[in-house]
Structure formats: C-alpha cells, structure tokens
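Subject: Structure handover

Hi,

Here is the structure I said I would pass on. Have a look at it first, and then read on for what turned up.

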Amino acid sequence: MSDQQPDIDILIKNAKVFNNGETPVIEDVAIAGGKIVSRGPNLSEQSAGRVIDATGQWLMPGLFDIHTHYDLELEVAPGLPESTRHGTTTVVIANCSLGLAFGAQRDGANDPIVDCYARVENIPKSVLRSCADKVDWSTPQGYLEHLEQLSLGPNVVTLMPHSMLRIEAMGFENSISRDPSTQEVEAMKSTLRDALKQGYAGFSTDALPFHYLAGQPHCDKTIPTQFAKYGELKQLTQVVREQNSLWQATPPKDSVIGTLKTFLLTSGRLHGKPLKTTVVAALDLANNWKIARLAKTLSRVLNSKWVQGSFHMQALGAPFKTWSDGAITPLAEEIPELRRLNETELEDRATRLKILNDAEYIKTFRKMWMTGKTGWNLDRLKRKLNLEDYAFNRTLADMTVDLCPQSNWQGMDFQTLFDRVLAIKAGNAVADMQADEKALVERDFFWVSDEADFMLQILRTFDTDISWCTITANRDIQTVRELLMDPLLLPGFNDCGAHLTNMAFYDVNLRSLKLAAEGGDKDVSYMVKRLTKDAADVFGVDGGTLYEGDVADLILINPDTLARYDGEASVERVYREEFSHHQLVNRSDEVVDLVLIGGKVAWEKNDFSDAFGREALGRLLRAKNADVAA
C-alpha cells in the first residue's frame, strides 16, 4: 500500500452525522478527491490514507455565514481565520449595498471604498486605502475572476452591491445628490442582469439609519443606496426576480407603512412570482420590545398564502453586545449629537474636544442624554414602557468599561463610576480609591452634577482611549432561542469582518447550535439544516449537505465542549498584523475539532493546517442559475 495512492484520502469513523434535517445516524464518512465518496457503517480502513476516530462527536456540513463584510479582509487574509476556526466554511459578502464588484471606483476627488466603508463598517481608513490601492479590476466579471485566484479559506458567495452600482452608473457625486435618469436606471438594470447571469447570488441594498459617508464634504450624507426611491428599487428587484436570485435588504427608516410597502416587493401575488428576500434583522431590542414582535408579524404576513412572498428575516444567535471607543460606535450614528463626533477623523481628537466644549453643543447633548429620564411626559412614558425611538442605550448601569487609562475603572459600569465621582467630589470614602483617581476627579470632574455632565466629561477626558460595552438587544437568551428556531426567520446577521473593535460575533453559529441542543438531537438537526442547506437554498448556491458526490465541506464538533462553551466570555482583543490594528475576536478552542474545506484540512486540534491561507481550500460559489456562457 505504501507504493500506491490510497483510494480514500480521509476516513472519518463513528461520527454522529447531522445532514439536511434528517435523523442523525452513527456512521463513517469517506473522502477522496475533495468529495464524499461513501457513507455508512463499518467502512473499510484498508485503502484510507488517514483515519480519524470521531466517536462521540458531531459531524455536519460546514456552516454558512450569510451576512459578512469580509470584502476587504479577503484582500489581505483570504483564509478568513477568525471564521474558519469556528466551523464556517461558506461566507456571503457584499452585504448592505457595499462591495468591490467595480474595483476602487476612484474619480480623483472621491474614494468610494474608503468613504463608504469607514463609518458604516468601522474599518480604519488606512486599511481601506491599502486594499483600494491593490485593486486591479473594474468590472463585475473581473471581480469574480479575481476571487477565483485567491487562496480562499471558506467558500465565497458574493452579491451585487447597490451603492457601488449607483456610483458606477451615475458617478459618486450624482449618486448622493439626485435621482437617476431613465438611461441610468436602464444601465443599472443591464449591469445587474449581467452580473446575476455571471454568478452573483443576488442584490444588496440598505436603509438603516446608521450608515453615513466618511469623506468630506459628504459626512452628513448617507451611503448612495439610501438615496434610491421606491421606483428605482422596484425596477432593480424585478431584474432579481426574473433571474430567480436573492434580494438582501435592511428595513427603511421612515415608517412601518414604508417598510411594509418596500418589502411587499417580495410578493408573488402582486408581482407575478415571489422574490427571495432576506432582511436584517430580527432583534429583541432592549429599548423597544415591539421590534422583535414586528419582525415575526411581518414575516408571517409576507410569507402568507395571501401575499405569497419568500421573506427571511435574519436572527442573531447571541446577545447583541457592542463596544464603543469613546463615542465611536455604529449605533451612535443614529443620534445627531453623537453622529457629529463620529463625523470627525478617528485620529482627530482636537476637533472632537472642540465640539464637546462648544456651548451650543453642550446644550443639545444634555437635552439628548436626559430625554425621558426626568419629569412626567411622553418621552418618560416611552422610556418606562421600553418604547424608545433609538436603539442606542443611554442607561449608565448597562454600560461597562472594558479599557480605560484610569485602570481601576475597568470592569465598572458607568452608574457605579458616576456615583463614585460624586462621592469623591463630596469627600466621602470610596473603596480602593487610588491617588491618581482622586486627582483625576478633582481636575476634570469637579463640575459634574448629573449624568449628562458625567458623559460629556468622560468623552472629553478619555476620547477613544476608553472602550465600553453594552447589550443593546437579545438580553433574554430564551427569546433569542425562540427567534432562532422560528421557521420563518433565518440564522444570520453576524457582521463578521466589520466593526473591528465594536463587535465579536465570529462564533455565533456555534452559539446557535448550543441553544438548539437544549431541545436534543431533533432541534440540533433542525438548526444544522438552517445553518447549511437552508442557507444554500436561499442564496441559490451549491453546498450544505453531506451526500455521496458532495464537495467535502464538513466539520467535527465536540458536543460536550460545546455544551460548556460560554460565548460571552470568549471575546478577546488581538492585534491583527494584516490590519496593523486591534480586533475583537472569539476563541472557541476545543469546540471544533476539525474543519475540512474541499476535502482539505483547514483547522484541526486548535490549529490551522499548513495549507491554510497558502493555497485555495474554498472556492467561489457562483449562483446555480448563472449562465455559464456569460
């Protein structure tokens, strides 16, 4: 046998196999030439190059991550290590209308990759410019060919991004200042149609009120897709419908009626046939309990026999915990007073300090911060009933310091710190007070009388040197489980690759499996299908199953370790050489024992393989309905 090539590259023995919602079975899986060649009990080891004993482990298809912003990271770290280690073997990119389908699109005055991504996805401009400098394609077909040349870790599915499509057809300045002409709409439709035929899985748009441009003089404007009116969206989504592709969107910010009108574009009854639509996001907001209920109601209505839609809201399988570097956080963009600080360059501390010391700004900031917290009025009632207009959390007790130059403040919530400042000012004893802390309070916080003053001074004193976190949504983990298990929703919205120091949801597919496991094997099987085959079907690509002849994208999970895994405690702040920047990531070591992509080992026993990041393991997944000739 030593002189012959083995018939089987890898033989996995005695695993509990979860596949496509079927009842799990204990069996062996044989892999050769990158594909599954046999499944069954007691397969012979004689012709196997390698045998892996998976007794007691779960074997399942590699997991899909349907909402990422890995477009830029693919250019510097195409292995995508922070997702691969958690068992993700397929990612969807170009969400929220942003992507690289047309290359850099620089026009001499504007730098769209930098301007669109910097604030929306909280990626440093230096990283974005570095990526944009390396771009050498300018067409959607050229981008697909480029992706096929990368040393991919996970497989990649890409969407056609609406903001970049508008820029291509109209020019950057026009895309954020006027409606398109008839000829420009026709050009967008033609480009979109061709891209879908070439293998793009769908079309992404965006309407969230957090997404602003980062380049002067446009910092007060949102990204191009948000300037599109209903008529434009209707014409473009009709192209998507005709191609049997997918529309990825976010809810319009204007009204419930506007949201319903827009998402009725999914309706087969109104528009001839259903349009596959996936939407961000079904979250249980702490400040507004109606949002999760509205998401489920909307899904029921749009998928009903009367509407005949194909509508899938994305649910996050974890508490929605976000970090803020001073005032720099995506949710702050929703509030004008905090947005003004976000409009400044990240390194421009002097300008932020000037704003924070401006008398008129202080007045508006104080009004914003104290709204609903004093007196008896409509705002106070809405706050008491958890029906506030903003997602941003202004409750000091919910805001916990992660990093701070005043090191003994780390781990304390802002309410504790506010009370501590008032006590020190009054000359009262506080536990473990440090000399430099007393000096800091007497120097900077001597004037503070209420929590609005306190927050203003926190931002003045520390700027982005203070990092704090809060859970904005999904605080009740059983409500999270209910959303995940709802058949009308779809697990997703992990946002991997974006918000480098604001979010860490790389492990959320595993957290979803852990929540499902509370219901036993039947619920695990259901969740595996949701994270694999259902995702593949919605996006119209191959993958997500473990039948003979399928590409061997699969993972082994240790169920005992998964049961003990604490995702909330898994977050770490690491320095990524590829970005020359820190990043919040997750570590689920010991949970995922093996990741195979294309039949090759990507991750095993808490380490990456020698091939990972050096050769292509994954592949570009073109839509199954693509016209190969195109």
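Let's start with a pair of residues in a hairpin: Arg576 stands opposite His581 in β20. Bear in mind throughout that this is a predicted model. The two strands involved are β19 (residues 571-576) and β20 (residues 581-586), which run antiparallel and are joined by 6 bridges. Between them sit 4 residues, and in this hairpin Ser580 takes a positive phi near 50 degrees.

Stepping back to the whole chain, you'll find 24 helices and 23 strands. The C-alpha atoms fill a box of roughly 80 × 65 × 50 Å along the principal axes. A compact globule of 630 residues would have a radius of gyration near 25 Å, and the chain agrees with that, at 25 Å. Buried residues account for 62% of the 630. If you take the contacts between residues at least 6 apart in sequence, 74% of them join residues at least 24 apart.

Now for another bit of strand pairing. An open sheet is made of 3 strands in the order β14-β16-β15, with antiparallel pairing. At the edges are β14 (320-325) and β15 (400-403), each of which pairs on one side only. On average, neighbouring strands in this sheet are turned by 35 degrees against each other, ignoring direction. β14 and β16 (residues 467-473) are held in register by 6 bridges, and Phe320 stands opposite Ala473 in β16.

Next, the helix packing. How do α17 and α19 pack? Helix α17 (residues 414-425) and helix α19 (residues 451-462) have their axes 11 Å apart, at an angle of about 100 degrees, so the two are roughly perpendicular to each other. On the α17 side, Phe414, Leu417, Phe418 and Val421 meet Glu451, Phe454, Met455 and Ile458 of α19. By class, that contact has 7 nonpolar residues, no polar ones and 1 charged.

There's a second crossing to look at, between helix α6 (residues 162-170) and helix α9 (residues 230-242). Their axes come within 13 Å and cross at roughly 100 degrees, so α6 and α9 are roughly perpendicular to each other too. Here His162, Leu165 and Arg166 from α6 meet Glu232, Leu233 and Leu236 from α9. The residues of this contact divide into 3 nonpolar, 1 polar and 2 charged.

Then have a look at helix α21 (residues 508-516). Because 8 of its 9 residues are buried, α21 is largely enclosed by the rest of the structure. The buried ones are Val508, Asn509, Leu510, Arg511, Ser512, Leu513, Leu515 and Ala516.

One last residue: is Phe539 buried or exposed? Phe539 lies in helix α23 (residues 533-539). With a relative accessible area of 2%, which is under the 20% cut-off, Phe539 counts as buried. Which residues does Phe539 touch, leaving aside its neighbours within four places in sequence? Its contacts are Ile66, Val92, Leu159, Ala201, Leu246, Lys276 and Thr278. To tie this back to the hairpin, the C-alpha atoms of Phe539 and Tyr575 are separated by 33 Å, with their positions 36 residues apart along the chain.

Happy browsing!

How values were computed. Residues numbered from 1 in each chain as written. Predicted model: local features only at pLDDT ≥ 70, side-chain atom pairs only at ≥ 80, totals over all residues. Heavy atoms only, no water. Axes fitted to C-alpha atoms, helices over the stretch in contact; angles between N-to-C directions. Parallel < 35°, antiparallel > 145°, perpendicular 65-115°, else oblique. Contact = heavy atoms within 4.5 Å. Nonpolar A, V, L, I, M, F, W, Y, C, P; charged D, E, K, R; others polar. Buried < 20%, exposed > 50% of the residue type's maximum accessible area, 1.4 Å probe, protein only. Pairing = 2+ DSSP bridges. Rg over C-alpha atoms; globule rule 2.2 N^0.38 Å.
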